[in-house]
Amino acid sequence: GEFKDFYTKLETRIAGNDVPDAIRIQFQQVGRYSSNGVLKDITKDLPADFSSDFLPSLWSAVNYKGATYAIPQHTDTLALYYNKNYFEKLGITAPTKLEDAWTWDQFLDIAKQLKEKAGAKYGFAYNWTKGNSYRWLPLLYQKGGQLLSDDLSTSKIDSPEALEALKLSKRFFDEGLVPAGTSVKGTEDINTLFTNGTVGMIINGNWLATNFDKNMTNYTYGVTYMPRDKAAASDMGGNALSVMNKAKNPEQALQFIEFMTSQESMTYFVENGIFLPARNSITPEKLKYAINQPDIMKVFMEQSTTVPANMAQSVTSPNMSKITALLSDELDMLFTQGKDPAEVQKALKDGIDAALK
């Protein structure tokens with residue numbers, strides 16, 4: 001929610017020629033702001049081998065038409081938090097290896113058991129609420145589908161795999177496995193639902209561990225991998241730092257963003273913000289996370305290797321904000337208004353093709 005206001009304020013400042021020198025920006029927004037001239041092209045200002053220490057998916061996210069417009073600061077991803085007390089009651093052991101991750105069928109069966117036998121009111125919640133509809137995309141890729149063609153010029157949402165992903169996510173609501181208020185446009189605080197035991201599992205990001213440490217007083221939590229289907233996939237989150245095209249002090253702004261993304265600054269930032277580093281040289285054993293169970297971060301690090309390249313490129317393309325808005329509308333109708341999955345699929349195809357024109 002707060003990010004929405006951030007971009008609204010940013011647009012106002014851009015329109016009024018009152019821009020900050022540097023900006024912290026989600027990877028999903030880099031394509032949009034580099035294509036419309038808001039961010040400065042810093043390709044020539046960086047050392048030749050500068051990109052070699054950054055994760056390739058993140059580096060491609062900060063580049064547009066061969067030029068660099070930002071430096072990655074961190075990444076994050078989704079995995080599955082679960083209520084250990086409920087799992088013990090059911091005699092369930094969560095997977096400890098990525099290749100053993102539950103299938104969606106196994107996961108939904110556990111969600112049902114949590115509801116019927118463990119004392120949770122609902123099986124789980126998924127963090128696409130408050131308009132974060134792009135977080136639905138891992139389901140599409142897990143089913144073997146993709147959002148856009150490899151060259152990002154056309155929609156690929158009209159595949160049988162995409163229809164399967166729409167049907168799968170509709171089941172969450174139809175079968176009462178998630179609270180009705182946790183749809184894409186829902187405003188329920190899903191993290192509170194997890195900490196107080198209303199839902200037995202939550203698909204959410206690594207940065208929430210501090211919240212759960214602090215607020216989960218009657219239960220303990222564990223973390224395992226995202227459910228999978230034909231493939232494993234997770235969301236690519238995170239932020240990059242950019243110099244604004246109309247910066248009054250572009251040199252200092254560049255020095256500042258280089259300092260903030262240096263090995264030392266990044267290490268401090270991810271240890272305290274509970275994020276994943278964007279640099280290859282910052283390895284898990286070097287990090288001391290400020291949370292009760294630092295070992296859970298290994299799960300998130302492994303999970304982050306499953307972010308599909310096509311998804312990373314699609315969500316950082318210039319038209320993604322239009323596509324996200326469309327996804328919000330259509331998924332919300334699928335989940336809350338009983339709209340037919342095939343009709344949703346057609347509306348998505350038409351809308352995405354129009355956005356890409």
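Student: Before anything else, what covers the buried residues of α14?
Tutor: This is a predicted model, and in it the cover over the buried residues of α14 includes the helices α2 (27-35), α6 (137-142), α7 (160-174), α13 (309-315) and α15 (341-356).

Student: Which residues of α14 are buried, then?
Tutor: Among them are Met 320, Ile 323, Thr 324, Leu 326 and Leu 327, and further along the helix Ser 328, Glu 330, Leu 331, Asp 332, Leu 334 and Phe 335 are buried too.

Student: What span should α14 have, and how far apart are its ends?
Tutor: Helix α14 covers residues 320-336, which is 17 residues, so at 1.5 Å a residue it should span 24 Å, and its end C-alpha atoms are indeed 24 Å apart, which agrees. Just after α14 comes Gly 338, which takes a positive phi of about 70°.

Student: You listed Ser 328; why does that one count as buried?
Tutor: Its relative accessibility is 8%, and because buried means under 20%, Ser 328 falls within that class.

Student: Which residues is Ser 328 in contact with, leaving aside its neighbours within four places in sequence?
Tutor: Ser 328 is in contact with Gly 131, Ser 133, Val 184 and Lys 185 once those neighbours are left aside. You could also look at Ser 169, which is 159 residues away from Ser 328 along the chain, while the C-alpha atoms of the two are separated by 13 Å.

Student: Ser 169 is in α7, I think; which residues of that helix are buried?
Tutor: Ser 169 is one of the buried residues of α7, and the others are Ala 162, Leu 163, Ala 165, Leu 166, Leu 168, Lys 170, Phe 172 and Phe 173. What covers them includes α5 (104-118), strand β6, and the helices α6, α14 and α15.

Student: And what about the span of α7?
Tutor: With 15 residues at 1.5 Å a residue, α7 should span 21 Å, and its end C-alpha atoms are 21 Å apart, so the two values agree. Just after α7, Gly 176 takes a positive phi of about 65°.

Student: Switching to strands: in what order do β5, β6, β7 and β8 stand in their sheet?
Tutor: These four strands form an open sheet in the order β6-β7-β5-β8, and the pairing is mixed. The edges are taken by β6 and β8 (221-224), each of which has a single partner strand, so one side of each is left without a neighbour in the sheet. From one strand to the next, the twist averages 25°.

Student: Which pairs are parallel or antiparallel there?
Tutor: Strand β6 (residues 122-126) and strand β7 (residues 199-205) pair in the parallel sense over four bridges, and in that pairing Tyr 122 stands opposite Val 199 in β7. Strand β5 runs antiparallel to β7, with five bridges joining them, and β5 (residues 78-83) also runs antiparallel to β8, to which four bridges join it.

Student: Where does Tyr 82 come in?
Tutor: Tyr 82 has Met 201 as its bridge partner in β7, and Tyr 82 also stands opposite Gly 222 in β8.

Student: How many residues of β6 and of β7 are buried?
Tutor: In β6, four of the five residues are buried, so that strand is largely enclosed by the rest of the structure. Strand β7 is mostly covered, with seven of its seven residues buried.

Student: Now the sheet with β1 in it; what is its strand order?
Tutor: That open sheet has four strands in the order β1-β9-β4-β10, with antiparallel pairing. Its edge strands are β1 (22-26) and β10 (276-277), each of which pairs on one side only. Strand β4 (residues 71-76) pairs with β10 in the antiparallel sense over two bridges, and Thr 75 stands opposite Leu 276 in β10.

Student: Which helices lie across those strands?
Tutor: Helix α2 lies across β1, β4 and β9 (237-243) and runs at about 120° to β1, whereas helix α11 (residues 263-273) lies across β1, β4 and β10 and runs at about 25° to β4.

Student: Last topic: how is the protein divided into domains?
Tutor: Domain 1 takes in 3-75 + 238-282, and domain 2 takes in 78-235 + 320-356. Their centres, taken over C-alpha atoms, are separated by 28 Å.

Student: How many residues are in contact between them, and what area is buried?
Tutor: Eight residues of domain 1 are in contact with 10 residues of domain 2. The area buried between the two domains is about 630 Å², and carbon and sulfur atoms give 54% of that.

Conventions: Residues numbered from 1 in each chain as written. Predicted model: local features only at pLDDT ≥ 70, side-chain atom pairs only at ≥ 80, totals over all residues. Heavy atoms only, no water. Expected span 1.5 Å × (residues − 1). Buried < 20%, exposed > 50% of the residue type's maximum accessible area, 1.4 Å probe, protein only. Contact = heavy atoms within 4.5 Å. Pairing = 2+ DSSP bridges. Axes fitted to C-alpha atoms, helices over the stretch in contact; angles between N-to-C directions. Domains from an automatic or database assignment. Buried area = accessible area lost by both parts, 1.4 Å probe.
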